[in-house]
Amino acid sequence: MKLIIDDACYAYEKIFGDFGNITAMAGRDIDADSVKNAEVLIVRSRTRVDEKLLAGSCVKFVGSTVAGLDHIDQQYLQDHNITFFSAQGCNAMAVAEFVISAIVNLADKHGFDYRTKTLGIIGVGNVGSRLATKAELLGIKTRLNDPLRQDAENLPHFVDLNHALSADIVSFHTPLSLTGKHPSYQLLNENNFHHINKNTILFNAARGGVIKEEIWQTTHTLENVIDCWENEPNINQTLQKNAYWATPHIAGHSVDAKFMGSFMVYQALCDFLGVTQDEKITHLINPGTLSVNQDNLKDTLTTIYDFQQDTNAIQNLNNFETYRRNYPVRYEWHHYQSQTKLPIV
């Protein structure tokens, strides 16, 4: 069996090596010629999987080791009987930790008590739900908005979009969708941007395109934290310059998340082929117990991982893709012993 794999997929040789012959390459370089004779295609977010890529190929299984879906033409795969699996939720904890780290750092910078603030979470799926739980453990009041879940579950504690946008801190965690009853493209736009004001802390750790950047760049906020951008890697430099953290779409790039993305696709491929999973693969991440000795939460989180280095790394935008592909080792909080209580869920 021939497999084409994005070479940024975590431990791809150890995880997928027994399935056959692997050709690993940068996601942006995967094209119709390279996949023509492959039966399995495993990608991250930088490969557009559609008719242009797959027409006339031998591909029967596509796995995406990231949570986003906007790079996948699912209808084409379905119409051509190509099995598809996406590692939904693999990076949810990592993104939630990114947001909490920023909030705690900003509380220190601006001298506020985050327990007095409200957090509007737009999109309460895998990431948003974990963020809400962590925030509530810290005493932050949440305003949850997710019309898809509201329609399906009738959740009385959820709020409408405008109420969530009026929170002190607003964080987006929706997928990027252009169609349907509740499209997320430019969800924050000229019709509702007035809810964002000079005292708002605004996050985009969802997808580029859910916030209309032309308006955002002219809106005065207390702080912006931006990990997801339109036109990556050619990002909006006005927003980049003015952001507290301007990071290269790495909020979900913990070692744990990258492993889980590959592992979830591995499980799906085993099911597709009817083969037994190798239990040893579950133990590929084993850093042991890590310790951090700080007497407050802000210093503890910064010691675990300082996201300012990610901002500094892309001051020259030519480094955007290289840095993502060679991202520093970052473990999630559950690996750490700390004298400061961490909001671990």
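The second largest pocket holds about 370 Å³ of space. Of the 15 residues that line this pocket, Ser45, Arg46, Asp70, His71 and Glu232 are the closest to its centre. By class, the lining divides into two nonpolar, six polar and seven charged residues; here Ala, Val, Leu, Ile, Met, Phe, Trp, Tyr, Cys and Pro count as nonpolar, Asp, Glu, Lys and Arg as charged, and the others, Gly among them, as polar. A pocket is found on a 1 Å grid over the protein atoms alone, as an open set of points with protein on both sides within 12 Å along at least five of seven lines, and a lining residue has an atom within 4 Å of a point. Grid points are joined across faces, edges and corners, and the volume is the space filled by probe spheres set on the points.

The model is predicted: local features need pLDDT of at least 70 and side-chain atom pairs count only at pLDDT 80 or more, while totals for chains, interfaces and linings use all residues. Residues are numbered from 1 along each chain as its sequence is written, and side-chain values use heavy atoms, with hydrogens and water left out.

Glu232 also takes part in an unusual backbone feature. The peptide bond from Glu232 to Pro233 is cis, with omega near 5°. Pro233 lies in the loop between β10 and α10 (237-242). Most residues other than glycine have a negative phi, and most peptide bonds are trans. Helices (H or I, at least four residues) and strands (E, at least two) are DSSP runs numbered from the N terminus.

The strand β10 belongs to an open sheet of six strands, in the order β7-β6-β8-β9-β10-β11 and with parallel pairing. β7 (141-145) and β11 (245-246) stand at the edges with a single partner strand each, so one side of each has no neighbour in the sheet. Two strands are paired if DSSP finds at least two bridges between them. Between β6 and β7 the parallel pairing runs over five bridges, and Ile122 has Asn145 of β7 as its bridge partner. Strands β8 (residues 169-172) and β9 (residues 201-204) pair in the parallel sense over four bridges, with Ile169 opposite Ile201 in β9.

How much of β6 is buried? Five of its five residues are, where buried means under 20% relative accessible area, exposed over 50% and partly exposed in between (1.4 Å probe, protein chains only). The cover extends to both faces of β6, with Thr118, Gly120 and Ile122 buried on one side and Leu119 and Ile121 buried on the other.

Two helices lie across this sheet. Helix α6 (residues 126-137) lies across β6, β7 and β8, at about 170° to β6. Helix α5 lies across β6 (118-122), β8, β9, β10 (223-226) and β11, and runs at about 155° to β10. The angles run from 0 to 180 degrees between N-to-C directions, and the axes are lines fitted to C-alpha atoms, for helices over the stretch in contact.

Rolling a probe the size of a water molecule over the atoms shows where empty space is left. A cavity is a set of grid points where a 1.4 Å probe fits but cannot get out, and two cavities of 30 Å³ or more are counted. The largest has about 50 Å³ of space. Its lining consists of Ala94, Glu97, Ser101, Leu301, Ile304, Tyr305, Phe307, Arg330, Tyr331 and Trp333. Helices α5 (92-110) and α12 (297-304) each supply at least two of these residues, and α5 gives the largest share, three residues. Seven of the lining residues are nonpolar, one is polar and two are charged.

The second largest cavity has a volume of about 30 Å³. Phe112, Lys117, Asp168, Ile169, Asn199, Ile201 and Leu222 line this cavity. The bridge-paired Ile169 and Ile201 are thus among its lining residues.

Two loop asparagines have positive phi. Asn81, in the loop between α4 (74-79) and β5 (83-86), has phi near 55° and is exposed at 65% relative accessibility. Asn154, in the loop between α7 (147-153) and α8 (161-165), has phi of about 55° and is exposed at 60%.

Finally, Ser57 is in the loop between α3 (51-54) and β4 (61-64). Leaving aside neighbours within four places in sequence, Ser57 is in contact with Val35 and Lys36, contact meaning heavy atoms within 4.5 Å.
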